[in-house]
Each structure stands twice: as structure tokens, then as C-alpha cells.
Amino acid sequence: MRIDPFSLSLSTPLETAAGTIDERRGFLVRLDIDGTPGLGEATPLPGWTESLDDCEAALRDVADPEAALDSGRLDGTPAARHGVSLAALDARARAADVPLYRYLGADSRIERVPVNATVGDDDAKATAEAAADAVAEGYPAVKLKVGSRSLSEDIDRLEAVRQRCPDIELRADANGAWDRETAERALSAFADLDVAFVEQPLPADDLSGHAALSGGTVGIALDEGLHEHGIDAVLEAGATDVVVCKPMALGGIDRAADVARRALDEGLDVVVTTTIDGAVARAAAVHLAAALPRVRACGLATRSLLVEDIRENVAPIRSGAAVVPQGKGNIPPS
Ligand SMILES: [Mg+2]
């Protein structure tokens with residue numbers, strides 16, 4: 001197995017709970033299974049996966065990739081496991097002569113996966129403009145960041161978007177910013193604006209709070225909460241209507257597929273989302289979304305957040321959908 005470090009600058013610094021991120025650093029993982037090459041990507045994200053150093057150490061420790069995956073030795077380093085498992089899946093799909101999404105279980109050709117546009121935390125006028133641009137580009141859904149302004153300002157922003165874009169699917173992501181009372185007020189106001197769901201209204205640890213909010217007119221999606229508690233506890237608590245699957249944080253495309261299928265089996269909805277990864281992991285996330293029997297518009301339109309990329313973009317966004325690569329494996333290995 002060979003690993004090659006890379007570093008990608010973000011076009012705009014990203015504010016996260018774990019601090020400001022202005023670049024994405026990670027490793028390309030190359031291996032061979034019975035003579036067939038496979039390519040994977042391990043791009044750790046602070047707060048969601050192991051650190052860059054721990055990721056590198058875990059990768060350098062892998063002598064036999066398949067044995068490392070089977071033994072569970074990479075389970076504590078999800079980004080490293082993502083890189084190795086993706087490289088192995090890529091090689092196996094290539095050897096089977098099918099695109100990765102077919103290898104992952106899709107039984108027919110899938111051309112496109114609908115994606116959402118994400119609109120930042122601007123004032124009402126600018127937010128409505130950005131949403132209107134997304135509609136003009138063909139996006140079926142728009143996600144607004146909420147929770148850093150007052151609730152009344154956020155309601156004004158959503159109202160402005162709804163007026164300007166009467167037919168778009170509207171979502172909001174609070175990233176855990178609200179307390180229970182604010183979340184309840186938000187959900188009742190958002191119901192009048194036909195908001196489809198709110199992602200992570202409450203802090204990640206408040207599973208019972210999310211359980212109390214879910215199942216209403218405005219759905220609940222769990223992102224940080226899934227990461228903190230795992231799918232078993234989330235399903236057990238009935239804590240969500242929509243599950244946000246981030247393959248890099250879940251330890252691989254295979255693991256994310258398991259989580260997504262368990263959620264779908266329970267009648268929940270699924271959104272597949274990147275963690276602002278390079279072209280290899282983004283393409284894999286598109287394959288995963290294409291392999292699932294149903295997904296809501298996914299958070300896969302993240303190439304534009306990067307200044308440059310590690311590979312040609314084989315899954316570009318066109319008219320609000322990711323084009324599903326039809327070549328063998330994930331993407332061409334070199
Ligand atoms: Mg989120």
C-alpha cells in the first residue's frame with residue numbers, strides 16, 4: 001500500500017465547532033488486490049475524525065490492507081479506514097468490471113443524484129438572492145445555515161427565501177445552536193414556511209430532546225448527533241426523521257452504506273454528505289448515494305469550496321444533480 005499526502009486550500013475559510021479550517025489535508029491511498037489497482041482517500045476533519053497525524057500513523061501501520069480492515073484495527077481512525085476501504089472497494093469493483101455504485105448494490109443504471117445548494121449565514125436579502133441563484137441553476141433543495149443569528153432574524157431569512165422561491169425544498173441547519181424552547185418556536189414558525197426539515201436543532205448530546213421534536217410537520221435531521229451516538233442509539237431513541245451520512249466520519253463508504261440502509265429500513269430518510277473532501281472521496285460519496293434505493297437531495301456539491309483538487313472532477317454538478325461516474329470502479333486510478 002502506498003500513501004501520498006495532499007493539501008487543498010479552501011476558497012473561503014470554514015467556521016466549525018472545532019475551529020476555522022482553511023485547508024483540507026489528507027492522503028491518497030493506493031493498493032493492489034490480485035493485480036487490480038485501487039485508489040482511496042483519507043481526509044481527516046477535526047471534530048469528526050482522528051487528527052492528520054493519527055491518520056498518517058494508522059495508514060503507515062497497515063501492512064496487509066484487507067487484514068487491517070477485517071481485524072477492525074482501523075475502526076478508531078475513521079478517515080484512515082475510509083481511505084483503505086475505498087481503495088479496496090475501488091479495486092474490487094474494477095475487477096468486477098462495474099462502476100462502484102453498481103458494486104455497492106444498485107441494480108440498474110443511475111445517471112444523476114439530486115443535490116442541495118448550501119446558503120451561508122447572510123442577511124435576508126442576500127440569502128434570498130443566493131437561493132434564487134440556486135433555483136436558477138436547477139437545485140431542487142436549498143439548505144440555510146441558521147442559529148448564529150436571533151431566531152426572528154432567521155425566520156425573516158427563511159420567509160424571504162420562501163417568497164422568492166415558492167417551490168424549492170427548504171432546509172435549515174442549526175448545527176446544535178438552539179435550546180429546546182428556541183427549537184420548538186423555530187419549528188412551529190418554519191412549519192408555516194413549508195420547511196422540510198431542520199438539521200441538528202439541539203446540541204449533539206441531546207438525543208431525547210431530538211426524539212421529542214422528531215415526527216412533526218417539519219422533520220428533524222441528525223448530523224453531529226449521529227456522529228456522537230451512532231445509528232443504534234439514534235434509532236433506538238426515535239431521535240430523527242432524516243439521517244445525515246458522512247462517509248469520511250463514519251469510517252468508509254461500506255460503513256456509511258450500512259448506516260444508510262438501516263435508517264431506510266426503519267422508514268427514515270437519508271442524505272449523503274461529504275466533509276469537503278477531494279475528488280476521490282467526493283466521487284465515492286456520489287456512488288454511495290446512487291447505490292441507495294432512495295435518498296433526499298444530498299450534500300455533495302462541495303467542489304466549489306476548494307481552490308484546487310487532487311484529481312479531475314468525474315462527478316460534476318449539473319442542473320442541481322451530481323453526474324454519476326459510469327467508468328469501472330470509483331474513478332480512474334491514475
Ligand atoms: Mg450539518
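These legends describe close-up views of a predicted model.

**Figure 1. Two domains share one chain.**
The domain assignment splits the chain into domain 1, residues 2-97, and domain 2, residues 112-323. Their C-alpha centres lie 24 Å apart. Domain 1 gives 28 residues to the contact, and domain 2 gives 29 residues.

**Figure 2. The surface buried between domain 1 and domain 2.**
The size of an interface is often given as the accessible area lost when the parts come together. Here, domain 1 and domain 2 bury about 2,300 Å² between them. Carbon and sulfur atoms hold 63% of that area. Which residues of domain 1 lose the most area to domain 2? They are Leu8, Trp48 and His82. Together these residues make up 31% of what the domain 1 side buries.

**Figure 3. Helix α1 packs against helix α3.**
Two packed helices are described by the angle between their axes and the distance between the axes. Helix α1 covers residues 52-60, and helix α3 covers residues 78-95. Their angle is about 40 degrees, and their axes are 8 Å apart. An angle from 35 up to 65 degrees counts as oblique, so α1 and α3 are oblique to each other. The crossing of α1 past α3 is right-handed. On α1, the contact is made by Cys55, Ala58 and Leu59. On α3, Ala79, Ala80 and Val84 make the contact. The contact of α1 with α3 has 6 nonpolar residues, no polar and no charged.

**Figure 4. Helix α5 packs against helix α6.**
Helix α5 covers residues 124-137, and helix α6 covers residues 151-164. The axes of α5 and α6 come within 8 Å and cross at roughly 40 degrees. The pair α5 and α6 is therefore oblique. The two helices, α5 and α6, make a right-handed crossing. From α5, the contact takes Ala124, Thr127, Ala128, Glu129, Ala131 and Ala132. From α6 come Asp156, Arg157, Ala160, Val161 and Arg164. How many residues in the contact of α5 with α6 are charged? There are 4 charged residues, along with 6 nonpolar and 1 polar.

**Figure 5. Helix α6 also meets helix α7.**
Helix α7 covers residues 180-192. The axes of α6 and α7 come within 11 Å. They cross at roughly 20 degrees. Angles under 35 degrees count as roughly parallel, so α6 is roughly parallel to α7. Is the crossing of α6 past α7 left-handed or right-handed? The crossing of α6 and α7 is right-handed. Leu151, Ile155 and Leu158 make the contact on α6. On α7, the contact residues are Thr182, Arg185, Ala186, Ala189 and Phe190. Sorted by type, the contact of α6 with α7 has 6 nonpolar, 1 polar and 1 charged.

Note on methods:
Residues are numbered from 1 along each chain as its sequence is written. This is a predicted model: local features need pLDDT of at least 70, side-chain atom pairs count only at pLDDT 80 or more; totals for chains, interfaces and linings use all residues. Side-chain values use heavy atoms; hydrogens and water are left out. Axes are lines fitted to C-alpha atoms, for helices over the stretch in contact, and angles run from 0 to 180 degrees between N-to-C directions. Helices (H or I, at least four residues) and strands (E, at least two) are DSSP runs, numbered from the N terminus. Angles under 35 degrees count as roughly parallel, over 145 as roughly antiparallel, 65 to 115 as roughly perpendicular and the rest as oblique. A crossing is left-handed if the near helix is turned anticlockwise from the far one by less than a right angle, and right-handed if clockwise. Contact means heavy atoms within 4.5 Å. Ala, Val, Leu, Ile, Met, Phe, Trp, Tyr, Cys and Pro count as nonpolar, Asp, Glu, Lys and Arg as charged, and the others, Gly among them, as polar. Domain bounds come from an automatic or database domain assignment. Buried area is the accessible area (1.4 Å probe) that two parts lose on being put together, summed over both.
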